[in-house]
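The following questions and answers examine a structure chain by chain, then helix by helix. Each answer closes on the item requested.

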Amino acid sequence: MSCHQTPDIVAEHFDTRLSPSARQRVQQHLAACADCRAELALLAPAQEMLLSWQHEPAPDWERSHAQSQPLAAPAHRPPLPGRHARLSWKDAGRWVPLAASLVLSVAVLTQTRLDVSEQGWQLSFGGDASNVSWPQLDAYMAAQASLQQQQNQQMLESALQQFGDNTADTLVQLVDWFEQQRELDIQRMEAGFQQLLDRDYQTVNSVQQLASYVQFQGDLP
Amino acid sequence: MENDNELIASALDGSLQAWETLVRRYEGRIYNFCLRLTGNRDDALDLMQDVFLGVYRNLSRFRGESQFISWLFRIAHNKAVDLARRRRANPVKDQGLPDDPADWPDDHGVSIGPQALAQADESNASVHRLLQALSAEQRLILELKVFQSMTFDEIAMMQDISANTAKTRFYSALKKLRALMEGHHELSPDP
Ligand SMILES: [Zn+2]
């Protein structure tokens with residue numbers, strides 16, 4: 001192919017909905033360009049092969065089944081990823097950069113990106129998983145993690161003020177309180193996931209994928 | 001005859017009849033899309049039902065700015081990719097076939113079930129088989145252009161790409177298909 005217009009010309013030639021003026025432009029180009037003519041001749045059998053498809057009528061089926069069970073759980077819905085019932089202090093530390101707000105913001109972000117976009121997020125959930133941009137997600141996670149660390153620090157400081165002196169008893173209290181905060185955080189996250197699942201069946205795979213990714217990262221030492 | 005948007009509005013108001021009219025209007029196109037993809041009628045029916053379930057559940061989100069058919073096929077495509085992912089347990093990618101057609105697996109991609117098309121319709125079966133050898137993106141552009149007769153502008157809007165990108169994708173998909181045909185069928189010699 002030495003004519004740079006070939007992809008255009010070929011595509012437009014096979015376009016059954018081309019405007020008459022565009023059709024004329026294609027014809028004129030073809031009359032003058034042997035490269036495009038040759039490419040057209042080469043590719044015509046591919047188009048013909050596709051058009052050899054014999055249409056089959058859809059079999060009879062329960063069309064209003066969906067409507068008779070509005071928002072019932074569909075059969076294929078995968079379960080939410082499991083988690084440990086109660087996090088130890090050590091594990092909670094791992095969750096620090098991955099708190100609910102962060103995970104949910106990613107989930108919501110991706111949901112709004114259900115349409116494949118050529119820029120920004122390529123998560124295209126419900127679409128082709130090969131579009132998932134893990135490095136971008138990593139970068140986003142890292143940025144959010146440092147923000148989260150700052151918030152944790154503030155939380156810790158206000159907690160210390162509240163508990164006053166730094167005896168062993170109050171430290172245990174503090175740890176408990178901190179764990180509770182994290183537990184609440186995770187509960188909120190789960191509720192958020194569930195909401196997403198209930199609202200939009202298309203994002204099920206994506207959210208689950210995201211959740212398992214987050215879990216995986218959380219399991220790292 | 002009521003247009004799509006009117007039917008959708010009625011369906012959202014709870015009209016079963018409007019919903020069925022809408023479904024009947026498009027089920028043939030969706031069913032054949034599913035058939036081309038799965039290669040067997042049982043799976044095609046399952047997938048079609050899954051698509052319309054997704055459509056129903058998301059109906060209130062349809063804004064009416066784009067054509068219903070674009071929106072419908074976006075859901076259909078997503079469901080198809082989900083299905084392929086479930087079947088293969090890994091993402092749909094541009095998977096090449098072995099050079100020798102004799103090595104092509106019968107169930108390349110989505111499996112062929114008891115009602116395999118090969119028994120019923122040779123040409124549909126070969127369309128299915130060749131499409132399976134394309135990437136999901138390539139399959140989609142051929143589906144929308146050749147079978148759904150959408151314009152490149154409509155496809156561009158639906159996929160958030162430029163019309164030129166849509167044309168280039170269509171061209172590449174056709175080229176890939178042609179190369180596969182040569183490997184598989186020995187239809188006609190090179191010009
Ligand atoms: Zn040319």
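A residue is counted as buried when its relative accessible area is under 20%, as exposed when that area is over 50%, and as partly exposed in between. The model discussed here is predicted.

Q: What percentage of the 191 residues of chain B count as buried?
A: Chain B has 191 residues. Its secondary structure consists of nine helices and zero strands, and along the sequence these follow the pattern α-α-α-α-α-α-α-α-α. With buried meaning under 20% relative accessible area, the portion of chain B that counts as buried is 55%.

Q: What percentage of the 221 residues of chain A count as buried?
A: Chain A has nine helices and zero strands, arranged in sequence as α-α-α-α-α-α-α-α-α. Under the cut-off of 20% relative accessible area, the buried portion of its 221 residues is 43%.

Q: Among contacts in chain A between residues at least 6 apart in sequence, what percentage join residues at least 24 apart?
A: The count starts from contacts between residues at least 6 apart in sequence. In chain B, contacts joining residues at least 24 apart make up 59% of that set. For chain A, the corresponding value is 66%.

Q: Which residues touch the most other members of the largest nonpolar core?
A: The largest nonpolar core has 77 residues. Helix α2 (residues 16-38) of chain B gives the most to this core, contributing eleven residues. The members that touch the most others are B:Phe68 and B:Leu142.

Q: Which residue of chain A does B:Leu142 touch, leaving aside residues up to four places away in sequence?
A: B:Leu142 is one of the two residues that touch the most other members of the largest nonpolar core. Within chain B, B:Leu142 touches B:Leu131, B:Leu134, B:Phe147, B:Phe170, B:Ala173, B:Leu174 and B:Leu177. From chain A, the residue touched is A:Leu50.

Q: Are α7(B) and α8(B) parallel or oblique to each other?
A: The axes of α7(B) and α8(B) come within 10 Å and cross at roughly 140 degrees. Angles over 145 degrees would count as roughly antiparallel, and 65 to 115 degrees as roughly perpendicular. The crossing is right-handed, and the two helices are therefore oblique.

Q: How many residues in the contact of α7(B) with α8(B) are nonpolar?
A: From α7(B), B:Leu140, B:Ile141, B:Leu144 and B:Lys145 take part, and they meet B:Phe152, B:Ile155, B:Met158 and B:Gln159 in α8(B). One residue of this contact is polar and one is charged. The number that are nonpolar is six.

Q: Is B:Thr151 buried or exposed?
A: B:Thr151 lies in the loop between α7 (136-147) and α8 (152-159) of chain B. Apart from neighbours within four places in sequence, B:Thr151 is in contact with A:Arg17 and B:Lys145. Because its relative accessible area is 16% and the cut-off is 20%, B:Thr151 is buried.

Q: What is the handedness of the crossing of α1(B) and α2(B)?
A: Helix α1 (residues 4-12) of chain B packs on α2(B) at an angle of about 140 degrees, with the axes 8 Å apart. That angle makes α1(B) oblique to α2(B). The contact involves B:Asp4, B:Leu7, B:Ile8, B:Ser10 and B:Ala11 of α1(B) and B:Ala18, B:Trp19, B:Thr21, B:Leu22, B:Arg25 and B:Tyr26 of α2(B). The crossing is left-handed.

Q: At what angle do the axes of helix α1 and helix α3 of chain A cross?
A: The contact is made by A:Thr6, A:Ile9, A:Val10 and A:His13 of α1(A) with A:Cys36, A:Glu39, A:Leu40 and A:Leu43 of α3(A). These residues comprise five nonpolar, two polar and one charged. The crossing is right-handed. The axes come within 10 Å, and the angle is roughly 50 degrees.

Q: How far apart in space are A:Asp35 and A:Gln5, C-alpha to C-alpha?
A: A:Asp35 is placed in helix α3 of chain A and counts as partly exposed, at 35% relative accessibility. Not counting residues up to four places away in sequence, A:Asp35 touches A:Ser2 and A:Cys3. A:Asp35 and A:Gln5 are 30 residues apart in sequence, and their distance in space is 9.7 Å.

Notes
Residues are numbered from 1 along each chain as its sequence is written. Chains are lettered from A and ligands numbered from 1 in the order in which they are written. This is a predicted model: local features need pLDDT of at least 70, side-chain atom pairs count only at pLDDT 80 or more; totals for chains, interfaces and linings use all residues. Side-chain values use heavy atoms; hydrogens and water are left out. A nonpolar core is a set of buried Ala, Val, Leu, Ile, Met, Phe, Trp, Tyr and Cys residues joined through side-chain atoms within 4.5 Å. Buried means under 20% relative accessible area, exposed over 50%, partly exposed in between (1.4 Å probe, protein chains only). Helices (H or I, at least four residues) and strands (E, at least two) are DSSP runs, numbered from the N terminus. Contact means heavy atoms within 4.5 Å. Axes are lines fitted to C-alpha atoms, for helices over the stretch in contact, and angles run from 0 to 180 degrees between N-to-C directions. A crossing is left-handed if the near helix is turned anticlockwise from the far one by less than a right angle, and right-handed if clockwise. Ala, Val, Leu, Ile, Met, Phe, Trp, Tyr, Cys and Pro count as nonpolar, Asp, Glu, Lys and Arg as charged, and the others, Gly among them, as polar. Angles under 35 degrees count as roughly parallel, over 145 as roughly antiparallel, 65 to 115 as roughly perpendicular and the rest as oblique.
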